[in-house]
Every structure is written in structure tokens, then in C-alpha cells.
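Visitor: I would like a close look at a single part of this model. Please take one residue, describe its surroundings, and then widen the view to the chain and the interface around it.

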Amino acid sequence: MLELYSLIILMILGSLVAIHTKYLLSAVISLTLVGLILCVTFLYLQAPDTAITQTIVEVIALVILIRAVPIEKDTMGRKGAKETFSAVVTTIFLVLFAFFAYRALLDLPQFGFPLMRVSEGYIREGLVKTGSANIVTAVLLDFRAYDTLGEATVLFTAILGAIIVLRKAGRK
Amino acid sequence: MKDNKGMTLIVKTVIKFLAPIVILFGVYIILHGHLTPGGGFPGGVVVASAFILLTLAYGTEVAEKKMKRSLAALLESTGALFFLILAVLGIFLGGWFFSNFLPKGEPLKLLSAGFIPLANIAIGLKVGGGIFAVFLALVIFRVAGEGGEEQK
Amino acid sequence: MIFFLSFILFLIGLYCVLIKKNLLKIVMGIVIMEYSVSLFLILLGYKKGGFPPIVTPGVEGTNFVDPLPQALVITAIVISIASLALIISLCMRIYQKYKTFDITKIRKLKG
């Protein structure tokens, strides 16, 4: 339990550094640090499939983000009455949001004792019905293959959009 | 040196030995997706990351020779079509959309689990091709005033 | 209250999106929010003393953690990398047109 708390607090500190530092490159690197701590947390929570995916996607996200970042300071944090006002309003909104979310999160099942009404069936019958030893793959590609089909559609659309936005014909 | 594009000689030599191993690891993850942690999504990204390594070390031209952007986009579309064809075949052979129509085989062996390995291969092709295509598009794109192209 | 800690991570990302004026910082806020959501889902499926949901030969028993959130989070992570590439390509187009990442200046140039 203590390891889990310390990992998540480390993630919170890393994201604070990422949003407050002036240099964009170090912000990207601390963001990647947060992602890598996230995959250690996944391993601690017994989710190896997710941890593998998160690790590799994290590295590629680092490459993509560094491609976009110019090597210069982020000089957009000007101080003024307007900025202070907006910061105060945002903080009040976030505190209210956190308060109501805390009340809502109290209704969740206790940590470590999940409600597994659907998943119990998957675990019991997964190996027999699909023949796949990895229950996550069985859920992904057999029990809930519609989700995967929708995911493939979203992925296709996003990649199509990125290639069309970056095409050469529109470079005038 | 004939080609002084890309990174230094050390990086190039290491990548030359490393890239096939990374591709092999990705193929392993895809094919064993129903037995060990992994599957089509991480495996496809691993294969794409091997080509991304080549692109970073050798420059865009060499990587384009190995795997063209049109080829990567074609692989992505092939994967998506393959996945859909598997799903539609389920209607005719199994009775409903996405029914597992192939024989299950013996559990915990490589050739088991019906059409799940085939679907893993389809997903791996799709994810790997898509991510490499979008990475190449991002690398080739040049903002004016950056790199070789001067701002007018 | 470990769920609330992951919610704090979400709030940090939301603060970054609302306050910052740099486009890339806004993108980073979105990425932090994605992390927190996937962390929350995996935390929700954790079972005390559970094993990874993979049947191993020679090991009996089905004391597994919840496999359903893990499957959903895998798809969410892969979608997040594709949408990140889309967002970054839009940002680079904006930089090419306006030569800046400052959203207030971009709004002024719109005319």
C-alpha cells in the first residue's frame, strides 16, 4: 500500500514540475517520467499487458512531442491583473469540483475489493469458451470485440486526420 | 563518410544490430498474445518503434527505402480489412458477428484459441502501420524557417 | 483514499489546460488527464492478493484481478497516441501559420 501511495505522489510531483517549468524540453521529459512511473504502477497493480503497452507508447509519445517542441523558453507566463483573476477563478472552480468529486468517490467500492459481476463470468469461462490463456486478450478480441472494432475505427480516423493535416498540397 | 546524414557511426552500428531483434520481439509479442502478456496492440507498436529507431538513426531516406509511407498506410488498411473480414466470416461460419468459428484446439498451446491469433496479427498490422505512417508524416513535415528550408 | 489521489492528478491536468497560454502546455495537460483516467480504471479493478489474469500451466486457482478495465485501458492508451499525433500535427500547422504557440496572439491574428 505504501509503495502505491508513494508512486502516485511521485506522479503528482512530476506533473507539477511538468506544468510549472519554463523550459518546454524539460517539461516534456518530466511528462515522460510521469508516464514511466505510471507503468511501474501498472505492474504493481498486476496489469502486465497494460504496462507493456504504456511503456512503448510512452517512448513514442516522447519522440513525437520532442519533434514539435522548439528549443526556447516558454515566455508566456506574463503577470497581470487579468491572469491573477483567471487563476483565482480556476482555483475556486477546481476546489469545488474536488469537493463534490470526493463525495462521489466515497460511494465507490473499497480499494482492493472490486465489484466483479461481469468479470467473474469472463474469468470462469474465458479459457473454456475462447481457448485463450490470457484473459485480457480473450476479453479484448472475443467477448468485447465490438469495442476493439470501434477502437480500430477511431485509430484509423485519427491517423487519416493527421496525414491529411500534414499533407504537402496545402503548403501555400 | 559517404552518408553523413543521421547520427554518428556508433549509434548507426548499434541500431543495425538492434533493429532486427526489436522486430523479432514485436512479432513474438503479437504471435503469443493469447498465451503471455501482450497482444496485437503492444506488438504492433514495438514493430513500429523498430522502424522509428531506423528513421532516427539513419535519416528519412534510408528508412523510406526500407518501408515506404504508402506501404505503411497500405499495411494499416490491410489490417483493418483483415479484421473486418474475420468478423464478417463469423456470420457465415459461426452464426453471429465476431463468432469464434475456428476450432479451439488444445489450450495453452501456440495453435489454439480459434481466430484470436489471426485477429492479433490483423490488429498488429493495423497499429504498427498506422503509427509508423503518422510518424513519417510528422518527420517529413517541415515548418518554414526550420531546418534546411528557409523562410521566405 | 487512493482514488482521490488519482483524481488530484486529473485536477492538475485540468488546471494546466485552463490556465496555460502555450499550446504545447495545453497538450501536456491533456496527456496528464489521460494518465490519470487510465490509472483510475486500473485501480478500480485491483483485487487484494490477486494475480495477473493469465492462466499459467501448473498453477490452479482463479484468484485474478479484474481483466475488464485492463482490456479497456489498452485500447484507450493506443487511441491516446494516435490522438496525440493528430493534436501535434494541428499544433505544427498553427505554428507554421502564426509563428507562435501563444493562444492569445493566435486569437488576435484571426482578425
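Guide: Asn134(A) sits in the loop that joins α5 and α6 of chain A. The model is predicted. The relative accessibility of Asn134(A) is 0%, and because the cut-off for buried is under 20%, this residue counts as buried.

The neighbours of Asn134(A) come from chains A, B and C. Leaving aside residues up to four places away in sequence, Asn134(A) touches Asp49(A) in its own chain. From chain B, the contacts are Gly33(B), His34(B), Leu35(B), Thr36(B), Pro37(B) and Gly38(B). Chain C contributes Pro53(C) and Ile54(C). One of these neighbours is also a polar partner: the side chain of Asn134(A) reaches the backbone oxygen of Thr36(B) at 3.0 Å.

Next, the chain that carries this loop. Chain A has seven helices and zero strands, and its pattern along the sequence reads α-α-α-α-α-α-α. The C-alpha trace spans about 65 × 50 × 25 Å along its principal axes. The radius of gyration of chain A is 21 Å, whereas a compact globule of 172 residues would have one near 16 Å. Of the 172 residues in chain A, 47% are buried. Among contacts in chain A with a separation of 6 or more, 49% are between residues 24 or more positions apart.

Asn134(A) touches two residues of chain C, Pro53(C) and Ile54(C), which leads to the interface between chains A and C. There, 90 residues of chain A are in contact with 73 residues of chain C. The two chains bury about 7400 Å² between them, and 79% of that area is on carbon and sulfur atoms. The count of salt bridges between chain A and chain C is one. Glu83(A) forms a salt bridge with Lys21(C), with the closest N and O atoms 3.6 Å apart. Eight residue pairs are in polar contact between chain A and chain C, both residues being at pLDDT 80 or more.

On the side of chain A that touches chain C, the elements giving two or more residues are α1 (2-20), α2 (24-44), α3 (48-68), α4 (81-105), α5 (117-130), α6 (135-143) and α7 (145-165). The largest share, 13 residues, comes from α3(A). By class, this side of chain A has 62 nonpolar, 17 polar and eleven charged residues.

Definitions and conventions: Residues are numbered from 1 along each chain as its sequence is written. Chains are lettered from A and ligands numbered from 1 in the order in which they are written. This is a predicted model: local features need pLDDT of at least 70, side-chain atom pairs count only at pLDDT 80 or more; totals for chains, interfaces and linings use all residues. Side-chain values use heavy atoms; hydrogens and water are left out. Contact means heavy atoms within 4.5 Å. Buried area is the accessible area (1.4 Å probe) that two parts lose on being put together, summed over both. A salt bridge is a side-chain nitrogen of Lys or Arg within 4 Å of a carboxyl oxygen of Asp or Glu. A polar contact is a pair of N or O atoms within 3.5 Å; within protein, one must be able to donate a hydrogen and the other to accept it, and residues adjacent in sequence count only if both atoms are side-chain atoms. Helices (H or I, at least four residues) and strands (E, at least two) are DSSP runs, numbered from the N terminus. Ala, Val, Leu, Ile, Met, Phe, Trp, Tyr, Cys and Pro count as nonpolar, Asp, Glu, Lys and Arg as charged, and the others, Gly among them, as polar. The radius of gyration is taken over C-alpha atoms; the globule rule is 2.2 Å times the number of residues to the power 0.38. Buried means under 20% relative accessible area, exposed over 50%, partly exposed in between (1.4 Å probe, protein chains only).
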